[in-house]
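Please look first at how helices pack against one another in the model shown here, and then at one of its pockets.

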Amino acid sequence: MKKLGFGLMRLPTTDPANAAAIDTEQVKAMVDLFMAKGFTYFDTAWMYCGFHSEPTVKEALVDRYPRDSFTLATKLHNGFFNSLEERDQVFSAQLEKTGAGYFDYYMLHGIESGSYPKYEQFDCFNWLKAKKEQGLVKTIGISFHASAELLDEILTKHPYLEFVQLQINYLDWESQWIQSKACYEVAVRHGIPVIVMEPVKGGTLAKVPAEVEELFKAHDADASPASWAIRFAASLPGVMMVLSGMSSLAQMEDNLSFMENFKPLTEEEKALVMKAGEIINGQIAVPCTGCSYCTEGCPQKIAIPQYFSLYNEDMREHLEEKGWTVNFTNYANLAKDFGKAKDCIACGQCEEMCPQHLPIIEELKRVSAHFDH
């Protein structure tokens, strides 16, 4: 397979405030272009796009292409089962929603220190093996958001796992929280293939500061910022696939332009992206990827990722000179449909779900201090 996978978590919508309002016709056009260029890997999950990603897979892909012409991956998340029977109920529903018949790749989803015990409690690793033995899954693995130490423990205990999906990008490469490099090195040591998620960190590395953009353009005037991020991840030995959460046909076209005939980064280019990472890390207030895991159960319906994005943009502005930015209006408009940052009741469910381990409650206080006047 070619190394670029279509991540189906941030699909185009007809309503920016509603992730479930998927622009299916645009998705079909994206799928058609993706397949026409020889790319075949698609990655979805139970709760992506307000639980509408898997049905969209059926409509845009499964119903329109021969089953053996594409590769489909999905996942079991710990937040949606509380019994042995419920594991199978979710899996059966996924087969029905996608119409796929079987899954080429299947993962225990978003393993971190808090969720790992539940996967063990409900014997999910053996359950996953059984699904493979039944022919319902071809390749079994995990997606992982925790320490390199825990990853080593899991891969040692469950040596039959066939791949691991990791968050890897040049911004998180040396992060003490995400541990991109350390987790990658554990996977390499175990000889297990790596699938990369968040190579563009939820779009952060597609819209870089002017200083970084100038740095990149001085080396290659035609290369997009996203191309540097995706090529960084795809250049790592042992990486079999890099997922890109493309949310428009234009993003798809850009990604295909440099991945159709992929060229790994040179040593000079690797040094360049490391320098870019240092610059960007010095400017990001809240390193949120916009996955929206935090919002599904929020009792106050706070638009957490959107507010963090607006806050990050303002923190890069020279507010002492401007005094006001359009993000104050953007915040007010969002607050018409969602709870404000100040409405947070500190229940903590968002922090339990966050794969970035962000102190969301405290960050919302900062957002509120900035926007809620």
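Axes are lines fitted to C-alpha atoms, for helices over the stretch in contact, and angles run from 0 to 180 degrees between N-to-C directions; the helices themselves are DSSP runs of H or I with at least four residues, numbered from the N terminus. The model is predicted, with local features requiring pLDDT of at least 70, side-chain atom pairs counting only at pLDDT 80 or more, and totals for chains, interfaces and linings using all residues. Residues are numbered from 1 along each chain as its sequence is written, and side-chain values use heavy atoms, with hydrogens and water left out.

Helix α4 (residues 84-98) and helix α6 (residues 124-133) have axes that come within 11 Å and cross at roughly 40 degrees. That angle makes α4 oblique to α6, given that angles under 35 degrees count as roughly parallel, over 145 as roughly antiparallel, 65 to 115 as roughly perpendicular and the rest as oblique. Their crossing is right-handed, a term used if the near helix is turned clockwise from the far one by less than a right angle, and left-handed if anticlockwise. R87, D88 and F91 of α4 meet C124, W127 and K131 of α6, where contact means heavy atoms within 4.5 Å. The residues of this contact divide into three nonpolar, no polar and three charged; Ala, Val, Leu, Ile, Met, Phe, Trp, Tyr, Cys and Pro count as nonpolar, Asp, Glu, Lys and Arg as charged, and the others, Gly among them, as polar.

Two further packings involve helix α17 (residues 360-371), and in one of them helix α15 (residues 326-334) packs against α17 at an angle of about 115 degrees, with the axes 11 Å apart. α15 is therefore roughly perpendicular to α17, and passes α17 in a left-handed crossing. N327, F328 and Y331 of α15 make the contact with V367, H370 and F371 of α17.

For helix α13 (residues 304-315) and α17, the axes come within 10 Å and cross at roughly 60 degrees, so the two helices are oblique to each other. This crossing, too, is left-handed. Residues in the contact include Y307, F308 and Y311 of α13 and L364, V367 and F371 of α17, and by class the contact has ten nonpolar, one polar and three charged residues.

Turning to the pocket, the second largest one is lined by 15 residues, of which D172, S175, W177, P287 and L358 lie nearest its centre. A pocket here is an open set of points on a 1 Å grid over the protein atoms alone, where a 1.4 Å probe fits, with protein on both sides within 12 Å along at least five of seven lines, and lining residues have an atom within 4 Å of a point. Its lining divides into seven nonpolar, five polar and three charged residues.
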